[in-house]
Amino acid sequence: MGPKAIEKKRKVQDPEPESDDEIAPDFDGALSQSEDEFDSDFDDNEHEQDGEQESGSEASDDEDEEGSLLSDDIPSDAEGDKAMGKLVLEDEEEELKIEIPGVDPKRPEKDDGEKNYRIEKDANGNERYVYDEIDPVYDSDDSDAQEAPNTIGNIPMSFYDSYPHIGYDINGKKIMRPATGDALDALLDSIEVPKGWTGLTDIHTGNPLNLNDDELELVRRVQMGMIPNELENPYPETVEYFTGIEEKMPLSAAPEPKRRFLPSKNEAKKIMKLVRAIREGRILPYKPPEEREKEEEEEEQYFDIWQDEVPQEVNPLHIPAPKLPPPGFDMSYNPPAEYLPTKEEREEWEKLDPEEREKEYLPQKYDSLRKVPGYGEVVKERFERCMDLYLAPRVRKNRLNIDPNSLLPKLPSPSELKPFPTVAQTVFRGHDGRVRSVAIDPTGVAVASGGDDGTVRVWELLTGRQVWSVKLSSEEAVNTVRWRPAKDSFILSAAVGEDIYLMVPTHASVTPALDQASRDILSAGFGYATNGQQHGAAPGKEPPAKWARPGAKLEDEGVLIRITVRSTVKVINWHRKGDHFATVSPSGQRSSVAIHTLSKHLTQIPFRKLSGLAQTASFHPLRPLFFVATQRTIRCYDLQKLELVKVVQPGAKWISSFDIHPGGDNLIVGSYDKRLLWHDLDLSIRPYKTMRFHSEAVRQVKYHKGGLPLFADASDDGTLQIFHGKVPNDQLENPTIVPVKVLKGHKVVNKLGVLDMDWHPREPWCVSAGADGTIRLWM
Amino acid sequence: MPKIKKKGQAGAAKNYITRTQAVKKLQLSLPDFRKLCIWKGIYPREPRNKKKVSKSATASTTFYYTKDIQYLLHEPLLQKFRDQKVLEKKISRALGRGDVSDAARFERHAARPEATGKPRYTLNHVIRERYPTFNDALRDLDDCLSMLFLFANLPSTSAVPAKMIARCERLCLEFQHYLIVSHSLRKSFLSIKGIYYQANIQGEDILWLVPYKFNQRIVGDVDFRIMGTFVEFYMTLLGFVNYRLYSSIGLKYPPKFDQLKDENGAELGAFSLEGVNMATQGETKAVTNGEEQQGPDPKVQAEVDKIIKQLKEDESKSDETAEGDAEADDEEKPTDSIDKFEPVAPGGDVLPQPAYSSNDPSQLFANFTFYLSRETPRQPLEFILRAFGCKRIGWDSVLGEGAFTNDESDPSITHHIIDRPVVQAATNEDGDGEDNQTAQKVGPNQRYPGRIYVQPQWVWDCVNDEELKSPELYAPGAALPPHLSPFVKAAPGQYDPTLPLEAQQTEAEAIEADLEDAEKDGAEEGSDVENDMDVDEAEDDEEEEEGDEEDAEEAEEEDAEEDEEESKTLQRQLELEAELQGKKVQNKKVDPKTKAKLEQRKTLEKKAREEAEDLERAKGMLSKKKRKLFEQMQYTNNKKSAQDEKLRAKRRKLEKEKAQKA
């Protein structure tokens, strides 16, 4: 079948040139047509490319087309139409004219087996071979398509299943289905397998598809991924003898020098040198491998490197690597049972990240050595050690190898420090709103208090019974209450707003004589007041304070004098003798500090100008000194010489209160920034001790005035703290300060806790005024 | 006007240098720099203030001393690194050209320590620099030995060449030989990580870890190049140390190495030690098991030399005391050995003195012949036995060459180390089992007569306690006593498993424990049926009590007092009710003993509370700095004591369980 098909192919090819004649007339026009199209295309291109070539008008273009066709032919041929070849390029126009139509007429010549060239004369009259056009026969590839005898196209053959034919040939005749071999045929087929039998059926013809040797080879090569045609290698290896491009014109016409053809003397010399060296054994051309290996295996030469060792001083900057800690009991393969982790410990250990584990191993017990497995992390641990050795910065850390208890100061035991108040003995209830101030009278039997409800109340100290009360104001709070310190009277002072009241409360301990004495003391100054005003103060100028009687209603209650100053009084402090008292009204600019003389009903303002807001002021318990606390500092003035003696700087941000030790040399300062500061006035202007035990502001600080080494502070955190503060008689010794007790009991209301406190004049008792409306007696 | 100081011109900024700067300055690659740092022992420093040091905005992490780096500039190794770099470049260029033969030639010249285990450069000068004296080197030997012993056991890979491993192994074995000959091994400990050894060489304690002979699991990011660099250095170091050690006891270094024996697994036996001058000495024979003793013992020789020297000195000195050397020799021969101080009069304190030579621990096993059963680890046992004076060790032939005998039935064997479980079936068949020491035929569970059978731990415990332990405790199949670390020094107040519990527990703990016991007893008396429940209850009680304790700590004194009062009032109430109902007062069944204990506990608690209050007061008087310090110290102390307490509690529980079982 195969050979037949080839024959057929040849037959199909053969008639082609013959039919050319018939087709030629038609073809000519078609060709020119195509050329026209091409040319116009080309022209367009040219117009686009060349700005110089101006097309006059599009209309004339068509007319020119025929005429310019020939002149344009040359470039178009040369550049565009490869099929025309170079030959045309050199020819004249006339020849060209012949050439183009002449392609076809010459074809028969070639087919007849004659020479495929013509001999012509060139410009010089020499012979010139003009070869025929090569017809590439482009449509030869289509032979397969033409060959297909069945014209039904690409439809499933199953459509013809019910028909006796399987399609139509090119002439419209039915192609009959070849008889499908019956059993005998099949048998025959199977017996004598024809050469090239594939077992396939050509779907178009229905015949068994056989392949010849060439085709099989072709299939095989395609399958192998080789080039289908074995004779043809599209990629031959380039053999470049000199260069790829043959130079038509050599650069140098000089003949090859002779030395190119002679062996090099220099090389010969070098080689001879080597040869001589080898002969003499200087060079071993080949070293046996064993020898080389031996050389490599040669042991390192060890010697006593420390033969002349000189101990060097250790560089202090060098920190030797710390050694790894030795293994403990729990690392044993057979540790005591108590070292083994419990189930929970094991789970916890396993849950943790490997980095977070305290130990990288879990203690384990093996009852015999042979059961001990290899430890998986040995290499890793060693690697980590290596990393530590060369990557970890080393820092020398001094480890304090001391007993931590040696750091603690030796404190006397609390039992030695007794007595001090420990429990709340009595709670005084009655005030409506905060209790702002509290004071114990100099005899130690009554407690006076003043609060937000504008009343001053006097209580029995031990029982907590209220014995006397007076309402001084309905709007303003009683800011402070203080007793006159002298025991010859029973006089209470209280400050409400801008008024200071002096009163004689009734109390069981007050005898009529004492009451009368007190009233006398208070009223003694009235004569002075009128006189003093006449010649004391300049006329027209407003006096710093007005001393007057408060009115009949209050006088009946026992309130005898009202002193009105210019601004709200917050603090009253009596001189120890009871004739003077100082008031501080922080908001009053110039007149914030005033000293009042009771016997003369006189008010003086000692400071023209004060640096900072005055917070509190106090007299020195022994000497004629006067202390004024501003926000940051405490100034000490000599009242006789009228000069500044000292400025104490506690370093607190805002001083709330201070108190002077009855000995006169020490000072405690409380501040709103939670600190309690102890100053030794002889030592320094800076604090000797700073105590920060409160979590809130310290409101009031007080020394015990009756000879006990105690002091206390009251704070907004609702606690009082009692300290033992012993000032030794020896000047050289430092005072000992020991915190002894925290008294808790007051509730914190609106961030205010304990607002004021006062010590009993003799006993180790104290009272405190709380923002929760209670007063407590601690003993 | 003073000179204006520019920032970064002096001080910390000049003293420190970042790693990148250092690498740039030395013109090295980072791996080379790393190598150099490892060998020269240069490590990063932590500047006091990092901000002052680094000029860049980004925080650098590693800083070195500028001086350290400057000092590296003159390092001869630097040139080697550069040469190597040039060579590498040449090779790669040759390969790029396709000139394979050229590349091969270069390659041959290249030093490839990672392939051959042997570089072309030596680190001798580095060793000398880092360790100016021999003692300095010994001080740093811990890591070196741990590393080399680990590598000696590693499988060879592309990162760890076989030759390197072989060298490590040889060096380690040589070092072990020194320890054996000089008897300087002191302690050893079987841990879960491996075997720890401690040797004392020239007064330096050296501790190292040898992993068990298993294939090492290499987990994750372990960079063997870094390890290799360390190993390279350590190999050189140990080589020199070995040389010095060998020559210090008059031996030649390196010792003769028998390749054949080594291939047969002789390990220690593959080496034969030689004296420097004359010949081998006593120990050599022991080690090699069979060579003839050819020379005097160097130790003996040294002793003799010493005596001769002293004699000479004596002669020169004793010109004035010319009465007679002999007499002086007899009466008061000055010796180097320590004199024994014995208290003459009673009442003086006894000071610890080094052990006297009468029972020299180094000769602990000198008179014994050991046989190692084939399931025992031969290498550590052989090493440790030899180091403590044993001369004849036999083992099964599967364990390698070099044994004194491979014959298990050798009559000279005195100790047999065995790590096998007692086979139950065999004893049943045999009937008489262990007792039948006279049986001639040896079955799976049978024993040779006249021999002590012990488990391997016996050897370690003997060595650590420097005395022969009773072998009954360590008999095959017996539950071994716990193996304790000999490196833990007993500190006062710390938990010590060797002491009885009573000696270490605090008062409170003791009372607590007693109370628990009492409660349990009471419960048991009450009902035997609920016995099983008791344990649970007791545990619950424990927990509750713990909770109570915590509460109590928080609570104030007053609460305690109130409690007391409350309990009293309750009691009274009960009494009253009882009276009303006409019953007898039902006293709670409280043992008077328990009651006393309870009271004791109460007082203790009160005391503790008071103490805590005192402490709080005292702490208040400290400055902030000191208080912080104090709190820190107390934190660690508390942690330690909590751990100890936990251990004690566990032990108490265990002991109780044991008692219950018994």
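Let me start with A:Ser592, which, leaving aside its neighbours within four places in sequence, is in contact with A:Thr583, A:Val584, A:Ser585, A:Leu610 and A:Ala614. What we are looking at is a predicted model, and in it A:Ser592 sits in the loop between S18 and S19 of chain A. Is this serine buried or exposed? Because its relative accessibility is 4%, and buried means under 20%, A:Ser592 counts as buried.

The two strands on either side of that loop, S18 with residues 580-584 and S19 with residues 593-597 of chain A, pair in the antiparallel sense over five bridges. Within this stretch, A:Ala582 stands opposite A:Ile595 in S19 of chain A. Both strands belong to an open sheet of four in chain A, ordered S17-S18-S19-S20, with antiparallel pairing. At its edges are strand S17, 571-574, and strand S20, 602-604, each of which pairs on one side only. If direction is ignored, neighbouring strands of the sheet are turned against each other by 25 degrees on average. As a reminder, the strands of a sheet pair through backbone hydrogen bonds, in either a parallel or an antiparallel manner.

Moving to the loop between S17 and S18 of chain A, we find A:His575. Which residues does this histidine contact, once neighbours within four places in sequence are left aside? They are A:Pro485, A:His580, A:Phe581 and A:Phe619. A:His575 counts as buried because its relative accessibility is 13%, against a cut-off of under 20%.

A word on annotation for chain A: UniProt, in an unreviewed entry, places the feature "repeat: WD" at residues 428-469 and 754-779. Over residues 754-779 of chain A, the model has 0% helix and 62% strand, and the C-alpha atoms at the two ends are 17 Å apart.

Now to chain B, where the secondary structure comes to 26 helices and eleven strands. Of its 662 residues, 41% count as buried, and the accessible surface of chain B comes to about 38700 Å², with 50% of that belonging to carbon and sulfur atoms. If we take the contacts in chain B with a separation of 6 or more, 61% of them are accounted for by residues 24 or more positions apart.

Where does the nonpolar packing concentrate? The largest nonpolar core has 126 residues, and those with the most contacts inside it are B:Trp208 and B:Phe365. The element that gives the most to this core is helix H13 of chain B, residues 224-248, with 14 residues. A second, separate core has 20 residues, among them A:Ala446, A:Val478, A:Val510 and A:Val559. In soluble globular proteins, nonpolar side chains do tend to be buried together.

Returning to B:Trp208, its contacts beyond four places in sequence include B:Phe149, B:Phe175, B:Leu179 and B:Leu185, and also B:Ile195 and B:Tyr197. They are not exclusively nonpolar by name, since B:Asp142, B:Ser146 and B:Gln198 are listed as well.

Finally, consider B:Val210, placed in strand S5 of chain B, residues 204-210. Not counting residues up to four places away in sequence, B:Val210 touches B:Phe149, B:Asn153, B:Gly194, B:Ile195 and B:Tyr197. The C-alpha atoms of B:Val210 and B:Met147 are separated by 8.8 Å, although the two are 63 residues apart along the chain. With a relative accessibility of 12%, B:Val210 counts as buried.

Notes: Residues are numbered from 1 along each chain as its sequence is written. Chains are lettered from A and ligands numbered from 1 in the order in which they are written. This is a predicted model: local features need pLDDT of at least 70, side-chain atom pairs count only at pLDDT 80 or more; totals for chains, interfaces and linings use all residues. Side-chain values use heavy atoms; hydrogens and water are left out. UniProt positions are given in the numbering used here, feature names are shortened, and annotations may be inferred rather than shown by experiment. A nonpolar core is a set of buried Ala, Val, Leu, Ile, Met, Phe, Trp, Tyr and Cys residues joined through side-chain atoms within 4.5 Å. Buried means under 20% relative accessible area, exposed over 50%, partly exposed in between (1.4 Å probe, protein chains only). Contact means heavy atoms within 4.5 Å. Accessible areas come from the Shrake-Rupley method with a 1.4 Å probe; for residues, only the protein chains shown count as cover. Two strands pair if DSSP finds at least two bridges between them. Axes are lines fitted to C-alpha atoms, for helices over the stretch in contact, and angles run from 0 to 180 degrees between N-to-C directions.
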